[in-house]
Amino acid sequence: MKLKVVYRKVSDYIRYDLKEIILPSSLPDPPHVVKHRKLTWHEQFLVLKEATRLYGASWVRDIGPELRPNDYKKHGDAEPKKQAKETEKEPSVLEDIAVAARGGMETLRPALQRVYMTRASNYKDALSSFIKGYHEGVQQVMHSKQESQVPKDHESDNSKKTT
């Protein structure tokens, strides 16, 4: 009798539990999740085309304007470099860090140090400017107090003399 029980428990373990341990089934989606329909081949192609276009556009800043002939079809051959130089501007701090992050930790560390040093110097300049302005304000108040005390002293001296 015990042998049948052991056999059934082992076979149930192998049939149900071991299968879940080796190949676990995923949890079902929560009830609020809306299942989307599958895309057609044409829609998948359009998604791939748009993703490729966006990916290529993300590299535009790295490869430079001379490798992007589509932007200059209207202007001719001599003007694209001039126009590219005119429209180029210095990259923002965020763009600079993003480019450095692509290069790994070796390029990211100096970029972050530049950012922190720039911020530190800006804070230092702002603080010194505030302190300088504060000292000037204190000096003006002290000067105005001294000026206001001088006439009162003269008036009190004059009143003593007349009485």
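The exercises below work through confidence, fold, salt bridges and surface of one predicted protein model.

Residues are numbered from 1 along each chain as its sequence is written, and side-chain values use heavy atoms, with hydrogens and water left out. Since this is a predicted model, local features need pLDDT of at least 70 and side-chain atom pairs count only at pLDDT 80 or more, while totals for chains, interfaces and linings use all residues.

**Exercise 1. Determine where in the protein chain confidence is lowest and where it is highest.**

Begin with the pLDDT (the predictor's confidence in each residue, from 0 to 100), which averages 78 over the protein chain, with 74% of the residues scoring at least 70. Next, list the elements, where helices (H or I, at least four residues) and strands (E, at least two) are DSSP runs numbered from the N terminus; the protein chain has six helices and zero strands. Finally, compare the means: the lowest, 55, belongs to helix α4 (residues 80–87), and the highest, 89, to helix α2 (residues 41–58).

**Exercise 2. Find the salt bridges and describe the accessibility of R37, E43, E50 and R53.**

Apply the criterion of a side-chain nitrogen of Lys or Arg within 4 Å of a carboxyl oxygen of Asp or Glu, which gives two salt bridges. One joins R37 to E43, with the closest N and O atoms 2.8 Å apart. The other pairs E50 with R53, whose closest N and O atoms lie 2.7 Å apart; because these residues are three apart in helix α2, about one helical turn separates E50 and R53.

For accessibility, residues are classed as buried (under 20% relative accessible area), exposed (over 50%) or partly exposed (in between), using a 1.4 Å probe and protein chains only. R37, at 57%, is therefore exposed, whereas E43, at 24%, is partly exposed. E50 is partly exposed at 37%, and R53 is likewise partly exposed at 48%.

**Exercise 3. Characterise the surface of the protein chain, and then place S11.**

Start from the total: the protein chain exposes about 15800 Å², of which carbon and sulfur atoms supply 62%, and buried residues make up 6% of its 163 residues. Then look for a nonpolar patch (Val, Leu, Ile, Met, Phe, Trp or Tyr side chains joined within 5 Å, from residues with over 30% relative accessible area and no salt bridge). V6, V10, Y13, I14, I21, I22 and L23 form such a patch, with about 710 Å² of accessible area together, and V6 sits in helix α1 (residues 2–22).

S11 also lies in helix α1, yet S11 counts as buried at 18% relative accessibility. As a last step, follow the side chain of S11, which reaches the backbone oxygen of R8 at 2.9 Å.

How values were computed:
Areas by Shrake-Rupley, 256 points an atom, 1.4 Å probe, with all protein chains shown as cover. Patch = residues over 30% accessible without salt bridge, like charges linked within 9 Å, V, L, I, M, F, W, Y side chains within 5 Å. Polar contact = N/O pair within 3.5 Å; in protein donor to acceptor, adjacent residues only side chain to side chain.
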